[in-house]
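Could you walk me through this structure, one piece at a time? I'd like to know how the chain is arranged and what surrounds the ligands.

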Amino acid sequence: MPEPTSFPRPVPTIGDTSAAHERSADPRGWAFDEQTIQALDSVLTARRDIRRFRPDPVPEELVRAVIESGHAGPSVGHSQPWRFIVVEDAALRDRAAAMADKSRLWQAARMAPERGQQLLDLKLEGLREAPLGLVVACDRRAPAVGVLGRATFTDADMWSCAAAIENMWLTARAHGLGMGWVTLFQPEELAELLGLPEGVETLGWLCLGWPDERPPAPGLQRLAWSTKLPVDDVVLRDRWPADDSLVKPTSHLRAPAQDRVVHATDDADDLLTTPGSLGVLDRALNRVEAVRPQGVDGGCLVLAAADHPVTSHRISSFETHVTADVMRANVAGQGMGAVAAAGAGLSSLVVDAGVEAPVAGARGARPLDPRGDLLATDALSSDDAEALIQHGKQLGCEAAAHGMVVLGEVGIGNTTVASALASALLDLDADQSVGLGTAADADMVARKRVLVTGARERWLAKHSDDPMQLLAALGGGEFAVLSGVVLGAAGAGAVVVLDGLATSVAALLAVRMEPAVQGYLIAGQQSRETAHAAVLTELGLEPLLAMRLRSGEGVGGCLAASLLLQGQRMRRLVARTR
Ligand SMILES: Cc1cc2ncn([C@H]3O[C@H](COP(=O)(O)O)[C@@H](O)[C@H]3O)c2cc1C
Ligand SMILES: O=C(O)c1cccnc1
């Protein structure tokens with residue numbers, strides 16, 4: 001056998017010219033020289049969010065360099081979804097600045113008083129001073145499935161734009177320019193200001209100019225707003241720790257400030273009547289006033305609906321399709337809920353949280369994974385529970401813009417689900433938690449009790465007290481969405497009016513996630529369901545009405561909302577003693 005002859009390696013003229021033997025001999029051979037590495041480190045650590053700017057113009061070629069560095073960034077599936085809008089028009093900048101001023105007050109009003117004051121003291125934007133605004137927008141109109149990597153992580157296009165922004169920030173810093181990333185806008189207002197079409201979303205406004213400050217450390221740290229976490233606090237090994245409290249971020253959601261609560265009571269005491277003469281209604285009105293000192297003149301019924309596999313155990317006297325039928329009636333404004341809402345001067349929003357087939361005109365927040373019957377399998381996957389809560393938060397925030405947020409539900413079989421959740425949350429046995437639902441005979445009640453007992457045992461075996469896991473194990477679509485609505489609406493500073501057992505259980509789950517939410521709740525009514533009184537007691541709420549309602553659909557909440565509006569009018573118009 002002849003020895004194999006050695007030939008010169010054919011080196012490609014395009015692409016990677018390195019050879020395997022070179023790479024194995026010097027695995028670090030791709031590194032930059034030490035000086036470049038140090039330069040990178042300098043730029044990274046000296047990058048600052050700049051809020052004060054000189055008026056001097058930025059040369060065109062530098063603006064170009066900054067944008068080119070953004071465009072050099074990584075994007076999902078090489079989709080390059082970013083668009084850079086260069087805003088020079090002073091009038092546009094003024095309008096954006098006015099929007100940011102408004103959002104700042106809006107956010108400050110939602111924080112604990114001292115933190116709100118601190119927020120107002122911060123200089124948060126240089127929108128007026130910076131000679132240029134660069135608005136980064138993400139064109140999301142291409143179907144996600146068509147972009148490599150986006151079919152699964154659908155928001156990866158937005159993250160790509162964020163990566164572009166970081167590149168631009170570093171380049172700006174390297175040239176001595178300052179950049180400030182302002183997201184203190186209502187996104188839809190900013191989109192409207194710039195005429196963005198549907199499907200194009202902004203990531204905020206980048207102020208660009210010569211800095212009128214040269215901060216050595218992050219501004220919010222210098223102003224004692226926050227501190228940089230030690231890097232070890234953000235590194236986890238292999239998996240999330242069993243003791244979640246070690247890593248859980250603290251929330252800034254606070255109950256309405258005590259001085260507002262006291263002011264509301266003092267103010268009502270000046271009316272020409274005996275203090276507290278409206279009883280439970282007075283207490284509720286004080287709460288409305290503490291949450292919204294300017295008062296509310298309307299609101300929105302969020303009516304969430306879902307089907308429940310637990311109905312296979314014959315625990316409801318109605319067929320599953322009734323849920324979708326009732327939704328359709330509500331979309332048409334002819335369901336009990338929608339009519340009650342209109343009667344109270346409220347708008348309504350029907351949410352499909354997982355009915356058999358999507359209902360036209362309802363907002364979709366549907367679970368994606370298979371659902372279970374509580375007894376043998378979990379009601380929802382934890383991904384679905386989490387996603388539905390997030391969706392609910394957005395809806396709650398949206399509904400809050402109308403004023404009060406009233407919760408309503410439809411879901412054949414859901415009194416059984418609500419009872420199971422209540423039994424797990426309050427450690428009740430089946431006698432204390434199961435009720436008649438829409439209608440039930442003795443046999444059906446017995447089946448409900450067996451089911452609730454089994455569901456609670458399955459939950460106890462998990463040895464968890466995590467409300468999110470409970471939602472997944474024994475909940476259902478409308479419960480997850482409504483818990484999210486409570487969190488979102490309270491976060492946006494709205495009063496949340498509860499209806500029957502199911503809505504109250506959803507609210508209790510939200511309170512277990514964020515205790516401060518309790519201060520935003522009003523119990524519209526106490527229904528006929530057995531567990532409702534215990535759930536309201538746990539929430540610390542007295543119901544405005546007690547009429548043995550069993551209509552669901554937010555009817556009791558809407559009736560209570562009428563009372564609240566009427567009570568507010570009395571407080572406004574009744575003569576004063578001072
Ligand atoms: C026509 C109709 C409309 C409803 N709207 C709300 N519910 C109420 O009853 C259902 C729960 O009761 P159960 O657990 O006994 O099935 C939910 O849809 C609830 O909102 C209704 C029930 C019916 C029959
Ligand atoms: O408690 C309720 O809200 C209730 C009772 C029966 C049926 N639907 C709702």
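Below is a tour that goes from the overall make-up to the sheets, the cores and the ligand shells.

Keep in mind as you look that this is a predicted model. The protein chain has 578 residues, and 42% of them are buried. Its secondary structure comes to 21 helices and twelve strands. Among contacts between residues at least 6 apart in sequence, 78% join residues that are at least 24 apart.

Let's start with the sheet made of four strands. It is an open sheet with the order 1-2-4-3, and its pairing is antiparallel. Strand 1 (82-87) and strand 3 sit at the edges, each pairing on one side only. From one strand to the next, the twist averages 25 degrees. As a reminder, strands of a sheet pair through backbone hydrogen bonds, either parallel or antiparallel.

You can trace this sheet pair by pair. Strand 1 and strand 2 run antiparallel and are joined by six bridges, with Val86 standing opposite Leu134 in strand 2. Next, seven bridges join strand 2 (residues 132-139) to strand 4 in the antiparallel sense; here Cys138 has Glu201 in strand 4 as its bridge partner. Strand 4 then pairs with strand 3 (residues 178-182) over five bridges, again antiparallel, and Val182 finds its bridge partner in Trp205 of strand 4. Strand 4 (residues 200-209) is mostly covered, with seven of its ten residues buried. Helix 6 (residues 156-174) lies across strand 1, strand 2, strand 3 and strand 4, and runs at about 5 degrees to strand 4.

Now move to the sheet of six strands. This one is also an open sheet, but its pairing is parallel and its order is 7-6-5-8-9-10. The edges belong to strand 7 and strand 10 (521-523), each of which pairs on one side only. Two helices to pick out here are helix 11 and helix 19. Helix 11 (residues 321-331) packs on the sheet and touches strand 5, strand 6 and strand 8 (404-410), its direction making about 150 degrees with that of strand 6. Helix 19 (residues 501-513) packs on the sheet too, touching strand 8, strand 9 (496-498) and strand 10, and its direction makes about 120 degrees with that of strand 8.

Strand 6 is worth a look of its own. Strand 6 covers residues 347-352, and five of its six residues are buried. Six bridges join strand 6 to strand 5 (residues 299-305), and the two run parallel. Among the bridge partners, Cys300 is matched with Ser347 in strand 6, and Ala305 with Asp352 in strand 6. On the way to strand 7 (residues 363-364), strand 6 makes two bridges, again running parallel. Asp352 turns up here as well, with Gly364 in strand 7 as its bridge partner.

What about the nonpolar interior? The largest nonpolar core has 110 residues, and Val302, Val351 and Val496 touch the most other members. Leaving out residues up to four places away in sequence, Val351 touches Val302, Leu303, Ala304, Ala305, Ala362, Arg363, Ala365, Leu395 and Val481. There is also a second, separate core of 37 residues, which includes Phe53, Val66, Ala97 and Leu134.

Further along the chain, Leu565 sits in helix 21 (residues 555-573). Why does Leu565 count as buried? Because 20 other C-beta atoms lie within 10 Å of Leu565, and 20 or more is the cut-off for calling a residue buried. Beyond its neighbours within four places in sequence, Leu565 is in contact with Ala344 and Gly345. Leu565 and Val288 are 277 residues apart in sequence, yet their C-alpha atoms are 10.0 Å apart in space.

Finally, the ligands. Ligand 1 has 18 residues around it, and Ser316, Thr415, Gly437, Thr438 and Gly552 come nearest. Helix 11, strand 8 and helix 14 (414-426) each supply at least two residues of this shell. By class, the shell around ligand 1 splits into five nonpolar, eleven polar and two charged residues. Ligand 2 is surrounded by 13 residues, the closest being Gly500, Ser527, Glu529, Arg550 and Gly552. The shell around ligand 2 has two nonpolar, seven polar and four charged residues. Gly552 is listed among the nearest residues for ligand 1 and among the closest for ligand 2.

Definitions and conventions. Residues are numbered from 1 along each chain as its sequence is written. Chains are lettered from A and ligands numbered from 1 in the order in which they are written. This is a predicted model: local features need pLDDT of at least 70, side-chain atom pairs count only at pLDDT 80 or more; totals for chains, interfaces and linings use all residues. A residue is near a molecule or strand if its C-beta atom, placed from the backbone, lies within 6 Å of it. Ala, Val, Leu, Ile, Met, Phe, Trp, Tyr, Cys and Pro count as nonpolar, Asp, Glu, Lys and Arg as charged, and the others, Gly among them, as polar. A residue is buried if 20 or more other C-beta atoms lie within 10 Å of its own, exposed if 12 or fewer, and partly exposed in between; C-beta atoms are placed from the backbone. Two strands pair if DSSP finds at least two bridges between them. A nonpolar core is a set of buried Ala, Val, Leu, Ile, Met, Phe, Trp, Tyr and Cys residues joined through C-beta atoms within 7 Å. Two residues are in contact if their C-beta atoms, placed from the backbone, lie within 7 Å. Axes are lines fitted to C-alpha atoms, for helices over the stretch in contact, and angles run from 0 to 180 degrees between N-to-C directions.
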